[in-house]
Amino acid sequence: MKIVIINYGAGNIQSIMFAIERLGFHAVLSNDPAEIKAADKVIFPGVGEASYAMKMLKESGLDALIPTLTQPVLGICLGMQLMCKHTQEGNTDGLGIFDVDVLKYTPKVKVPQMGWNTIYNLKSGLFKDIAENEYMYLVHSFYAPLCKETIATTDYEVEYSSALENKNFFGTQFHPEKSGDVGEQILKNFLLLTSNY
């Protein structure tokens, strides 16, 4: 299986590569459109600020490529938020894969939400063999509200989408690669998804 991690200068890449290796798979880093298109699975990571990350995607043409991919694609953290329509972070338009806008938490809560929180209302093959209310590791100041594409919910000030799914596209607000055995099971579930979309 060919696994490509999109390398566009805004990724938490090493920890994802190590997690995939622990599962017995091998991933390559690439920003080459042909190599990304040829992959069996694509992981779209992201750490940092949305407008800068989107600028990097546009400079490499990946903003046009990613929404056209037909194999399973997993966006992690900022990667998931960039797959949404728009984010209030930097007033940035996203890739429009998920039909939801990303909002900023109010000053009533401490941001970023950093640390462990539970996921529940799990609704996808991504969560095969995952129990309700397992703890995942999160670091974020913006959130995707609940919407028709929500496949996992977390509560921090409001209930929000901690995972999204639209056809072959998946996103997790949490970091599966930093969430212990449960997170690695979610990564494994993604890698074992069949590509019937």
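Here are five short exercises on this predicted model, each with a worked solution.

Residues are numbered from 1 along each chain as its sequence is written. Because the model is predicted, local features need pLDDT of at least 70, side-chain atom pairs count only at pLDDT 80 or more, totals for chains, interfaces and linings use all residues, and side-chain values use heavy atoms, with hydrogens and water left out.

**Exercise 1. Cysteines**

Find out how many disulfides the model has, and look at C84.

Solution. Start with the rule: a disulfide is a pair of cysteine sulfur atoms within 2.5 Å. For C84, the closest cysteine sulfur belongs to C147 and is 7.3 Å away, too far for a bond. Seen from the other side, C147 is in no disulfide either, with the sulfur of C84 as its nearest. The count is therefore zero disulfides. Next, take the surroundings, where buried means under 20% relative accessible area, exposed over 50% and partly exposed in between (1.4 Å probe, protein chains only). C84 is buried at 0%, while C147 is partly exposed at 21%.

**Exercise 2. Strand β10**

Work out which strands pair with β10 and where its side chains point.

Solution. Helices (H or I, at least four residues) and strands (E, at least two) are DSSP runs, numbered from the N terminus. Strand β10 covers residues 142-145. Two strands pair if DSSP finds at least two bridges between them. Strand β7 (residues 98-104) is joined to β10 by two bridges and runs antiparallel to it; here L103 stands opposite Y143. Strand β12 (residues 158-166) is also antiparallel to β10, again with two bridges, and P145 stands opposite Y160. Now the side chains: F142 and A144 point one way, Y143 and P145 the other, and all are buried.

**Exercise 3. S161**

Describe where S161 sits and what is around it.

Solution. S161 is in strand β12 and is buried, at 0% relative accessible area. A polar atom of its side chain lies 2.7 Å from the backbone oxygen of P145. Contact means heavy atoms within 4.5 Å. Leaving aside neighbours within four places in sequence, S161 is in contact with M80, A144, P145, L146, C147, T150, A152 and Q173.

**Exercise 4. The cores and helix α6**

Identify the residues that touch the most other members of the largest nonpolar core, then check the span of α6.

Solution. A nonpolar core is a set of buried Ala, Val, Leu, Ile, Met, Phe, Trp, Tyr and Cys residues joined through side-chain atoms within 4.5 Å. The largest has 33 residues, and I43 and F127 touch the most other members. Elements that each supply at least two residues of this core include β1 (3-6), α1 (13-22), β12 and α6 (180-191). Apart from it lies another core, of 31 residues, among them I6, I66, V73 and I97.

For α6, the expected span is 1.5 Å times one less than its number of residues. Its twelve residues should therefore span 16 Å, and the end C-alpha atoms are 17 Å apart, which agrees. Buried residues of α6 include V182, I186, L187 and F190.

**Exercise 5. L69**

Is L69 buried or exposed, and which residues does L69 touch?

Solution. L69 lies in the loop between α4 (62-65) and β4. At 4% relative accessibility, L69 counts as buried. Not counting residues up to four places away in sequence, L69 touches I36, K37, V42, N168 and F169.

Terms used: Polar contact = N/O pair within 3.5 Å; in protein donor to acceptor, adjacent residues only side chain to side chain.
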